[in-house]
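Q: I would like a close look at one part of this structure, with its surroundings described step by step. Please begin with a single buried position and work outward from there.

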Amino acid sequence: MSSDLDVFVGNTTLIDEEVYRLWLDGHSVAEAVARRLRGGVLEREGTSVAVLQSDTRDHYRTFQMLERLLHAPPRLLQQLLFQIPPERQALLVQRYYAFDEALARELLGKKLSKGTKKELDEVSARTGVGIRSCRRQFDNFKRVFKAVEELRGPLAENIQQLFLLPPALARDYAAIVFFANSRFETGKRRLQFLSFGDFAACAQSMMAHWSQGALAPEAAEPDGDLPKSFLQDLKELKVLVSDKDLLDQHKRDTSGMGVPVLGGPGFGGSLGGGVPALSRALVNVGGKLTHARDVRDFFVDLVEKVIEPCRSDKWSPGDLRLFLTHYTAAPRNLPGFRHQALWERYMAAISACLLRMYHD
């Protein structure tokens, strides 16, 4: 009697996406097994609890060995120990560096230090993100920050190159680095309506118009800082509110561009009457950015001095967009105003931030 036996030998590292997610979420092996059981894996695979436990432990050992490579993703591509197809490598990296926006919102603008890490127990309780996952994500934020803080060039591109992240995720990390550099205040009660996505969009607009790379791509300074020379130049814009003739003309030009009259108490009963107050708010926010404390309060000032009065005056987002468009363009016709390019660069980011932030 004879029998045929086919044998296949391979060394491809198997990655179970469900177990990887459980490991990333910080569950222990026992917790992961329990969750897999509740998910009906025994019925689907026709296996036993003992085999499931062994399989889960084996995957966890693999992930723990891979983790040191995930700290520097290009090393994962170069190593030969784990034979993982490229698309699986990309999945491992992307999911390892993905983060919970609720956690990122809590940490945004804070120093990525040991002191902040000690607060993660409280952050975990507030956000519902497991403490192990909180620590992993915090360490990812800090690792990316340290890797790019001294590099020239666009933050998002540097992050994408060093950590092999998808463009959208790299842009989010760039926003986190940008906030960590400038230490913007994000925790005040009046800012709680703003999500991580709102702040990230604002950071991307500010980097696109105000960063060193936007102002002078050939410069050697890192791209994650607000250039002091640019912030100093913003003081020149105060002439728009300190010179009464310019202020009055700016008001007339803005109000004469087809902007609707809006009733309400916020700026004195109409858009036309409210232009001087709103103009002072918009100009003064930039004029104060030479001081570290005022940089920290940038978003607080935008909400307190622009967004809340506009809401009080019952402006719609369309009203605000129309006003900002004409208000930015109006100084082109002001005699003696020599800072139009600076003004338009400043207002491009301010307008993008305000329009993103103007919601309930």
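A: A leucine makes a suitable starting point: in this predicted model, leucine 24 is in contact with Arg95, Tyr96, Ser133 and Arg136, once its neighbours within four places in sequence are left aside. Leucine 24 belongs to helix 1, which covers residues 17–24, and because its relative accessible area is 6%, under the 20% limit, leucine 24 counts as buried. One of its partners is distant along the chain, since arginine 136 and leucine 24 are 112 residues apart in sequence, yet their C-alpha atoms are separated by 8.2 Å.

Tyr96, a contact of leucine 24, leads on to asparagine 140, which touches Tyr96 as well as Tyr97 and Tyr173 when residues up to four places away in sequence are not counted. Asparagine 140 sits in helix 10, residues 131–148, and is buried because its relative accessibility is 0%. The side chain of asparagine 140 also makes a polar contact of 2.6 Å with the side chain of arginine 143. Cysteine 134 is likewise buried, with a relative accessible area of 0%.

Beyond this region, the largest nonpolar core comprises 102 residues, and those with the most contacts inside it are Ile159, Trp210, Leu282, Phe298 and Phe299. Helix 12, residues 167–182, supplies the largest share of this core, namely 10 residues. As a general tendency, nonpolar side chains in soluble globular proteins are buried together. For phenylalanine 299, the contacts outside its neighbours within four places in sequence are Phe179, Phe184, Glu185, Leu191, Phe199, Cys202, Met206 and Met357.

Cys202, one of those contacts, raises the matter of cysteine pairing. The structure holds 0 disulfides; cysteine 353 is in none, and the nearest cysteine sulfur to its own, that of cysteine 202, is 3.6 Å away, so this pair falls outside the 2.5 Å limit for a disulfide. Cysteine 353 counts as buried, because its relative accessibility is 0%.

Two loop positions complete the description. Leucine 164, in the loop between helix 11 (155–163) and helix 12, has a positive phi near 55 degrees although it is a residue other than glycine, and at 35% relative accessibility leucine 164 counts as partly exposed. Lysine 314, in the loop between helix 20 (298–312) and helix 21 (317–329), is not a glycine either, and has a positive phi of about 60 degrees; with a relative accessible area of 69%, lysine 314 is exposed.

Methods. Residues are numbered from 1 along each chain as its sequence is written. This is a predicted model: local features need pLDDT of at least 70, side-chain atom pairs count only at pLDDT 80 or more; totals for chains, interfaces and linings use all residues. Side-chain values use heavy atoms; hydrogens and water are left out. Helices (H or I, at least four residues) and strands (E, at least two) are DSSP runs, numbered from the N terminus. Buried means under 20% relative accessible area, exposed over 50%, partly exposed in between (1.4 Å probe, protein chains only). A polar contact is a pair of N or O atoms within 3.5 Å; within protein, one must be able to donate a hydrogen and the other to accept it, and residues adjacent in sequence count only if both atoms are side-chain atoms. Contact means heavy atoms within 4.5 Å. A nonpolar core is a set of buried Ala, Val, Leu, Ile, Met, Phe, Trp, Tyr and Cys residues joined through side-chain atoms within 4.5 Å.
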